[in-house]
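Student: I've got a fold to look at and a few things to ask about it. Can we go through them one by one?

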Amino acid sequence: MLNPNIIKDEELEILLTDVSSLYGYDFTQYSRASLKRRLNRICVIDKFTSFAELRYNLIHHPEYLQRFIEEITVNVTEMFRDPSFYKALREKVFPKLGTYPFIRIWLAGCATGEEAYSIAILLKEANLYNRSLIYATDINPGVLEKARKGIFPISQMKQYSENYILSGGAADFSQYYTANYDMVKFDTDLKEKMIFSTHNLVSDSSFNEFQLIICRNVLIYFEKELQNKVFKLFNDSLDNFGFLALGAKETIRFSNLENHYKQVVTEKIWKKIK
C-alpha cells in the first residue's frame, strides 16, 4: 500500500494540473489531506504499484477518468441522514416554503440520490410536492445514473425507516418503495418533480433562483478559498429570504457572506436576509 504521507506535494500538483488541462475538472482547491487519502485508496483498489502508474492511466486512458472521479469525490450518503436536520426542515423551513406559489430546491452534491428521495417524501407529506421542483446535481455522472434509477439495497431500509421516524415521519416508510429480492425500487411518482443533472461547483455557474439550497458534507472537502467561491454561487442562486442548508461540520460563519444570513437551526440551516 502507498502511504499518503509519501505522496509528494509536487506529484499531486502535477496530477491535478493534468486532470484540469486534459478534462476540465479542477480539484486544485480540494483539501490536500483528503485528496492524498483518496488517491492512496485508488492505488490500492486498482493495484497500482506507484503514483506514476495512476497518472499514466489518467493521461493515456480517458475512459479511466470516470473511475477516478468516482473515487476522488466522496459519495457517502443515506436517507434521512441526521434525522434532526430533516425534522428541522419539516418544522421550521417547509411551512415558510409553503407560502411560495412555486418552490425550487437545489440539492448540490446529491451523490446516489438518497437525499433527493428523502426531500421528495418530506414535500409529499407537507402537501408541497406538486408545486415543487428538485434539482439534484453532482459532479459525477456515474452516481447520477444510480440516483435516477432509485434502486437501493433492501438491507438499508431498516436504518432508513428508523431515520425517517426520528425525523418526524408518521407513515409506514415501506409505502414509498417496492421490494424485489435484495433490492427496493422507490416509487416513480417521487421522481416526477426531480431533475438530475451534472454540475461542477468549482467551475459551473448559477442556473436558477431557488427557495432552498441543500449542500451537506461537500464543503468540508474544500479549502477555504473554494468554500467562499461556492458560498457566493449559492448566494447568487438563492431567492431573498430563501434557505441554505449545510452539513453538521459546515458553516457560513466566518465566510465573506456571513452578514447576509441569519441562523435558523444551529449552524445547519441559514436564512438569507439581504
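Tutor: Sure, starting with burial: of the 274 residues of the protein chain, 50% count as buried, where buried means under 20% relative accessible area with a 1.4 Å probe, protein chains only. Keep in mind that this is a predicted model: local features need pLDDT of at least 70, side-chain atom pairs count only at pLDDT 80 or more, and totals for chains, interfaces and linings use all residues. Residues are numbered from 1 along each chain as its sequence is written, and side-chain values use heavy atoms, with hydrogens and water left out.

Student: What radius of gyration does the protein chain have, against a compact globule?

Tutor: The radius is taken over C-alpha atoms, and the globule rule is 2.2 Å times the number of residues to the power 0.38. For 274 residues that rule gives a value near 19 Å, which agrees with the chain's own 19 Å.

Student: Where is glutamate 115 found, and is it buried or exposed?

Tutor: Glutamate 115 is found in helix α6, residues 114-125; helices here are DSSP runs of H or I, at least four residues, and strands are runs of E, at least two, numbered from the N terminus. Leaving aside neighbours within four places in sequence, glutamate 115 is in contact (heavy atoms within 4.5 Å) with Thr77, Phe85, Tyr86, Leu107, Ile214 and Arg216. Because its relative accessibility is 7%, glutamate 115 counts as buried.

Student: Phe85 and Tyr86 are in α5, right? Which residue is the kink in α5 centred on?

Tutor: Yes, and both are among the buried residues of α5. The bend at a residue is the angle between axes fitted to the seven residues ending there and the seven starting there. In α5 the kink is about 40°, and the residue at its centre is arginine 90.

Student: How far apart are the end C-alpha atoms of helix α5?

Tutor: The expected span is 1.5 Å times one less than the number of residues. For the 15 residues of α5 (residues 83-97) that comes to 21 Å, which agrees with the end-to-end value of 20 Å.

Student: How many aromatic pairs does the structure hold, and what geometry do tyrosine 117 and phenylalanine 152 have?

Tutor: Rings of Phe, Tyr and Trp (its six-membered ring) pair if their centres lie within 6.5 Å; planes under 30 degrees apart are stacked, over 60 edge-to-face, and the rest tilted. The structure holds 24 such pairs. Tyrosine 117 and phenylalanine 152 sit 5.9 Å centre to centre with 80° between the planes, so by the cut-offs the pair is edge-to-face.
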